[in-house]
Amino acid sequence: MLKRHLSDWRSPTVRGGALALLAAALFGLSTPLVQRFGQGLGPFATAALLYAGAALVALLQRHGAEVEAPLRRSDMPRLLAMVASGAVIGPVALAWGLQRTSGTSASLLLTLEAVFTAVLAWRWYGEVLDGRVKTAVALLLAGGALLVLDQGLSGQVQLLGLLAVAVATVAWGLDNTLSRGVADRDPGQVVVVKAALGAAVTTALALAWGEARPPWPAALALLGVGATGYGLSLRFYLLAQRYFGAARTGSVFAFAPFIGAVGAFALGERSASLLLLAGGVLMVGGVLVHLSEDHVHAHDHRALDHEHAHTHNDGHHDHPHDVMPKGSHSHAHHHSPLRHSHPHAPDLHHQHRH
């Protein structure tokens, strides 16, 4: 069953899972790097550099209006809330906490982000959490619990630092859930707006707080970390939500802490143990359970008018064109009522209740 799923790259589950894993890998590796290059820097300045790097890489990845749906003025309240939670509170709390605890401990505690994302997606969007998804989330959380327990037994946990990291997970869980509402927009544009506003706000706060100017080597390193771990990672996260929904993307993204712990080990933190290994095995199992999900039932599509990037070979977009476009394109289009049955995830076209 799992082999069949993994071999079908057209499956929304596999596409969403792969994109979420890629986002998790980039973000997970960024945590120990932020700790290394952010030593001695203020948390506002660190956050500003991370999101400045994210904005720069997003500007290089912009597509034309014919490929992706642009942001609208009505999206601004949601974007501002995403900036406040995900580009100000989250990175500032993480940067502050990283200076008061180990990179491994901080990376592992970020597992909590998946819990808040899944619960909020269930409450706000009614995303179904069936037995397989609950099992996957439980495996991921159990793995994260073992990893945090490992740090506690080794005496490396510092309470204030971990509390700050926990605040970051709450902020990013809220940010992840809010971003579900703009997952059909141009991801490059979303990242540019969010990152640029986040960098501007945290820069202003760094100046107001009187934080010292970062040295050039550290500044360039943090810009690079922000470009990959925050810019590219957010882009892949938004694309994953298109195929996979907010709850599933968030729980697969929970693999990021284990990747971060491995990165911290590679950078010199020698805190590996049997508990760390066991936690990693549980988290890998959780991801595999997600990728093997087979959610099939007869369902109804109501009449719908919207705009987003799409192709004409997915069974949901059969509207005519004078000249049929090749590949992905974006324009306002209409969906007629439809009832059918096929494997699906809670993507843009499958937000029905169960």
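Q: Axes are lines fitted to C-alpha atoms, for helices over the stretch in contact, and angles run from 0 to 180 degrees between N-to-C directions. With that in hand, how are α4 and α9 set relative to each other: parallel, perpendicular or oblique?
A: Keep in mind that this is a predicted model. Its helices α4 and α9 pack at an angle of about 55°, with their axes 9 Å apart. Angles under 35 degrees count as roughly parallel and 65 to 115 as roughly perpendicular. The angle fits neither of those, so α4 is, relative to α9, oblique.

Q: Which way does the crossing of α4 and α9 go, left-handed or right-handed?
A: Start with who is touching: α4 brings residues including Leu-79, Met-82, Val-83 and Val-92, and α9 brings residues including Val-190, Lys-194, Leu-197 and Leu-205. As for the handedness, the crossing of α4 and α9 is right-handed.

Q: How many residues of the contact of α4 with α9 are nonpolar?
A: Lys-194 and Thr-202 of α9 are part of this meeting, and so is Gly-86 of α4. Sorting the whole contact gives 1 charged residue and 3 polar ones, while the count of nonpolar residues is 12.

Q: What is the orientation of α3 and α4, oblique or antiparallel?
A: Helix α3 covers residues 43-59 and helix α4 covers residues 76-98, and the two pack at about 125° with axes 8 Å apart. To count as roughly antiparallel, an angle has to be over 145 degrees. That cut-off isn't reached, so α3 and α4 are oblique.

Q: How many charged residues are in the contact of α3 with α4?
A: On the α3 side you'll find Pro-43, Phe-44, Thr-46, Ala-47 and Tyr-51, and they meet α4 residues including Gly-86, Pro-91 and Trp-96. The contact has 9 nonpolar residues and 2 polar ones, and the number that are charged is: none.

Q: What about α8 and α10: are they perpendicular or oblique?
A: Their axes come within 10 Å and cross at roughly 50°. Roughly perpendicular would take 65 to 115 degrees. The pair misses that range, so α8 and α10 are oblique.

Q: How many polar residues sit in the contact of α8 with α10?
A: The crossing of α8 and α10 is right-handed. The contact uses Trp-172, Asn-176 and Ser-179 from α8, plus Tyr-230, Tyr-237, Leu-238 and Gln-241 from α10. Of these, 4 are nonpolar and no residue is charged, and the polar ones number 3.

Q: Which element gives the most residues to the largest nonpolar core?
A: That core has 43 residues, and those with the most contacts inside it are Phe-27, Tyr-51, Leu-94, Trp-172 and Tyr-230. Elements giving two or more residues to it include α2, α3, α4, α8 and α9. The top contributor, with 12 residues, is α10.

Q: How many residues make up the second, separate core?
A: Besides the largest core, there's another set, and Leu-71, Met-82, Val-191 and Leu-234 are among its members. Its size in residues is 11.

Q: Is Ser-233 buried or exposed?
A: Ser-233 is in helix α10, and it touches Ala-23, Leu-26, Phe-27, Thr-228 and Phe-253, leaving out residues up to four places away in sequence. Ser-233 and Leu-22 are 211 residues apart in sequence, yet their C-alpha atoms are 7.3 Å apart in space. The cut-off for buried is under 20% relative accessible area. Ser-233 has 3% relative accessibility, so it counts as buried.

Q: And Ala-332, is that residue buried or exposed?
A: Ala-332 lies in strand β3, residues 329-335. Its C-alpha atom is 8.6 Å from that of Ala-69, a residue 263 places away along the chain. Exposed means over 50% relative accessible area. Ala-332 comes in at 61%, so it is exposed.

Q: How many of the 11 residues of helix α12 are buried?
A: Among the buried residues of α12 are Ala-256, Phe-258, Ile-259 and Ala-264. The helix is largely enclosed by the rest of the structure because, of its 11 residues, the number buried is 8.

Q: Zooming out, what share of the protein's residues count as buried?
A: The protein has 13 helices and 4 strands. Among contacts between residues at least 6 apart in sequence, 89% join residues at least 24 apart. Out of 354 residues, the share that counts as buried is 54%.

Key: Residues numbered from 1 in each chain as written. Predicted model: local features only at pLDDT ≥ 70, side-chain atom pairs only at ≥ 80, totals over all residues. Heavy atoms only, no water. Contact = heavy atoms within 4.5 Å. Nonpolar A, V, L, I, M, F, W, Y, C, P; charged D, E, K, R; others polar. Buried < 20%, exposed > 50% of the residue type's maximum accessible area, 1.4 Å probe, protein only. Core = buried A, V, L, I, M, F, W, Y, C linked by side-chain atoms within 4.5 Å. Left-handed = near helix turned anticlockwise from the far one by under 90°.
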